[in-house]
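Open the structure in your viewer and keep the selection tool at hand. The tour goes from one selection to the next and says what is there.

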Amino acid sequence: MRELLVIGMGPGHPDQITVQAVQALNRTDVFFRIDKGDGKSGLNAARDEILRRHVPEAGYRLVDIPEPPRDRSPSLTADGYQGAVGDWHAARAELIAAAVDAELGPDGIGAFLVWGDPSVYDSMLRIVDRVRALGTVDFTCTVIPGVTSVQALAAAHRIPLNRVGEPIHITPARRLAQLPEPGLPDGLDSAVVMLDRGFTAADFSEPGLSVFWGAYLGTADETVISGPLAEVADEIIAARAELRERHGWIMDTYLVRREQAEA
């Protein structure tokens, strides 16, 4: 039976691929890529460099799958957002099922390289379940974990993610933006923010907040900024704009934290 590998490739640096992932790469017949257009060609360039570095005998094929359209309107309600993502996932599943059926032999091994870890704010595992539910192509699925941008962020700033006795909270920016008042909710003193189309924390007016921000983490283009949020917010906004203009895309994440008095 066909096998699909969902391989966590880390934040993008070839050195942050695990040994298990390298072994998986070297038994893959077909690598499937979601083609997001020329504006994000750097995403595929990172994948290509990982393959060049870690698969010395290039006996594989690359198959591009077009990215279906998605409603990304910032005005979507919570229900509207869920519906838009569901429609997008369904469209992706149809295209992936057709590509696997057409391009992968009955006992072939195909793979998707996904950013970070497949279990942390990546849609591929849900989409693979949708592909299986369509019933048009049979396969088994194996998941290879990877280094997340959250870990890379903490390493870049040389900080622990949690303070003593505190939980780690990871959230998409949309959830914070939908709160009645911009900022961290009561009882939540640290939050890692992902999938931010802008810099949502710039609207946080609460004093005593610090931020640890990073873009293109773990790569040659890595850029990090940290400090009191009120002092560095404008610097981060300007850096995001300049980096997006230069590269055509940006991947960033950040930690927002209430400062506490030293024990």
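An angle between two elements here is taken between their N-to-C directions and runs from 0 to 180 degrees. Keep in mind that this is a predicted model.

**Stop 1: the sheet.** Select strands β6, β7, β10, β8 and β9; in that order, these 5 strands form an open sheet with mixed pairing. Strands of a sheet pair through backbone hydrogen bonds, either parallel or antiparallel. Which strands stand at the edges? They are β6 (170-172) and β9 (223-228), and each has a single partner strand, so one side of each is left without a neighbour in the sheet. On average, neighbouring strands of this sheet are turned by 20° against each other, direction ignored.

**Stop 2: strand β7.** Select residues 190-194, which make up β7. Is this strand mostly covered or mostly open? It is mostly covered, with 5 of its 5 residues buried. Colour S190, V192 and M194 to mark one side, then A191 and V193 to mark the other; all of them are buried, and both faces of β7 are covered.

Now look at the partners of β7. With β6 it pairs in the parallel sense, over 3 bridges. With β10 it runs antiparallel, and 4 bridges join the two. Select V192 for an example of each pairing: I170 stands opposite V192, and V192 also stands opposite L255 in β10.

**Stop 3: β8 and β10.** Select residues 209-215 for β8 and residues 252-258 for β10; the two strands pair in the antiparallel sense over 7 bridges. To see one of these positions, pick G214, whose bridge partner in β10 is T253.

**Stop 4: the helices across the sheet.** Select helix α7, residues 229-247, which lies across β8, β9 and β10. Helix α7 runs at about 160° to β9. Next select helix α5, residues 149-157, which lies across β6, β7, β8, β9 and β10. Helix α5 runs at about 110° to β8.

**Stop 5: R47.** Leave the sheet and select R47, found in helix α2 (residues 41-54). How far away is the nearest side chain of opposite charge? That side chain belongs to D122 and is 6.5 Å away; R47 is buried yet has no salt bridge. Show the backbone oxygen of L113 as well: a polar atom of the R47 side chain lies 3.0 Å from it. Leaving aside residues up to four places away in sequence, R47 touches M9, L113, V114 and W115.

Note on methods: Residues are numbered from 1 along each chain as its sequence is written. This is a predicted model: local features need pLDDT of at least 70, side-chain atom pairs count only at pLDDT 80 or more; totals for chains, interfaces and linings use all residues. Side-chain values use heavy atoms; hydrogens and water are left out. Buried means under 20% relative accessible area, exposed over 50%, partly exposed in between (1.4 Å probe, protein chains only). Lys and Arg count as positive and Asp and Glu as negative; His and the chain ends are not counted. A salt bridge is a side-chain nitrogen of Lys or Arg within 4 Å of a carboxyl oxygen of Asp or Glu. A polar contact is a pair of N or O atoms within 3.5 Å; within protein, one must be able to donate a hydrogen and the other to accept it, and residues adjacent in sequence count only if both atoms are side-chain atoms. Contact means heavy atoms within 4.5 Å. Two strands pair if DSSP finds at least two bridges between them.
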